[in-house]
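Me: I'm new to reading structures, and I'd like to understand how the labels get handed out. Can we go through some of them together?

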Amino acid sequence: MTFLELCQTVRQEVGISGTGPSTVVNQEGQLKVIVDFVAEADFQIQSIWHDWNFLWSQYSSTLSVGVRAPAVQKPTDFANWDTRSFFLNYTSDNSTHLDPLDYTQWRSELRQGTAINATPNFVVVQPDDNLIVDPPPDATYTITADYWRVPTRMTANTDLSPIPVQYHRIIVARAKTMWGEREEAPEILVASSAEYADLLDKLESQSLPGQGSRRFSSADTQTIVRTE
């Protein structure tokens with residue numbers, strides 16, 4: 001569902017008379033509350049986990065000779081790196097996996113003194129999330145990594161949440177709980193809270209690493225191992 005369709009669904013299900021909203025822009029009164037609650041519900045759900053599969057992305061950049069700090073600027077939509085995923089020239093037969101190194105360890109053990117250019121074997125995430133490679137590159141390399149994007153907020157009528165479409169009902173359910181709390185409507189709050197909890201469990205099983213077996217009935221898929 002689009003942002004507008006989500007708002008229209010919530011409006012109908014909480015019992016506000018009339019039709020609409022016809023747009024998510026410049027609403028007033030109860031319809032503005034609905035629009036704000038839907039946008040916030042979606043954003044809150046995206047923010048529950050840093051490593052939702054639907055926020056996963058990949059990034060590549062070019063390392064310059066002799067530049068180690070910072071060697072790479074984080075992507076504009078960046079939230080978190082997968083520090084296990086850094087490779088140099090991963091499409092070549094002599095690709096190199098970069099071992100993650102804690103910034104404070106790098107600062108105390110490797111930063112000082114004269115650095116000699118060579119093939120990097122460490123990657124360090126600075127406190128600002130930009131990347132250091134060590135030793136400094138002795139040639140031009142392509143560095144690639146997986147990362148998770150920052151949650152985004154829907155603002156336009158046709159905006160779509162990154163949450164998988166089969167679970168868009170979770171946005172409706174969460175927005176309705178917010179409405180039920182605001183309006184002190186226990187019948188809406190109880191029903192929507194139960195629906196939200198059920199859908200969150202299903203969404204986590206589908207969209208978190210290592211959680212897929214949670215919703216399978218087969219006996220040999222019941223062991224749940226969360227990938228760290």
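**Buried, partly exposed and bridged**

Reply: Sure, let's start with Asp82, which counts as buried at 11% relative accessibility. Keep in mind that this is a predicted model.

Me: What makes Asp82 buried?

Reply: Buried means under 20% relative accessible area. Asp82 has 11%, so the label fits.

Me: Why is the contact of Asp82 and Arg84 called a salt bridge?

Reply: The cut-off is within 4 Å, from a side-chain nitrogen of Lys or Arg to a carboxyl oxygen of Asp or Glu. Asp82 and Arg84 meet at 2.9 Å, N to O, so they pass.

Me: And why is Arg84 called partly exposed?

Reply: Partly exposed sits between the 20% and 50% cut-offs. Arg84 has a relative accessible area of 45%, so it belongs there.

Me: How do you know that Glu13 and Arg169 form a salt bridge?

Reply: Their side chains meet at 2.6 Å, N to O, and that is within 4 Å, so the name applies.

Me: What makes this pair a link between parts that are apart in sequence?

Reply: Glu13 lies in helix α1 (residues 3–13) and Arg169 in helix α4 (residues 169–183), so the pair ties together parts 156 residues apart in sequence.

Me: Are Glu13 and Arg169 buried or partly exposed?

Reply: Glu13 is partly exposed at 33%, and Arg169 is partly exposed too, at 26%.

Me: How many salt bridges are there in the whole structure?

Reply: A search finds 9. One of them joins Glu183 and Arg182 at 2.2 Å, N to O. Through shared partners, salt bridges also join Glu13, Arg169, Lys176 and Glu195 into one network.

How values were computed:
Residues numbered from 1 in each chain as written. Predicted model: local features only at pLDDT ≥ 70, side-chain atom pairs only at ≥ 80, totals over all residues. Heavy atoms only, no water. Helix = DSSP H or I, 4+ residues; strand = E, 2+ residues; numbered from the N terminus. Buried < 20%, exposed > 50% of the residue type's maximum accessible area, 1.4 Å probe, protein only.
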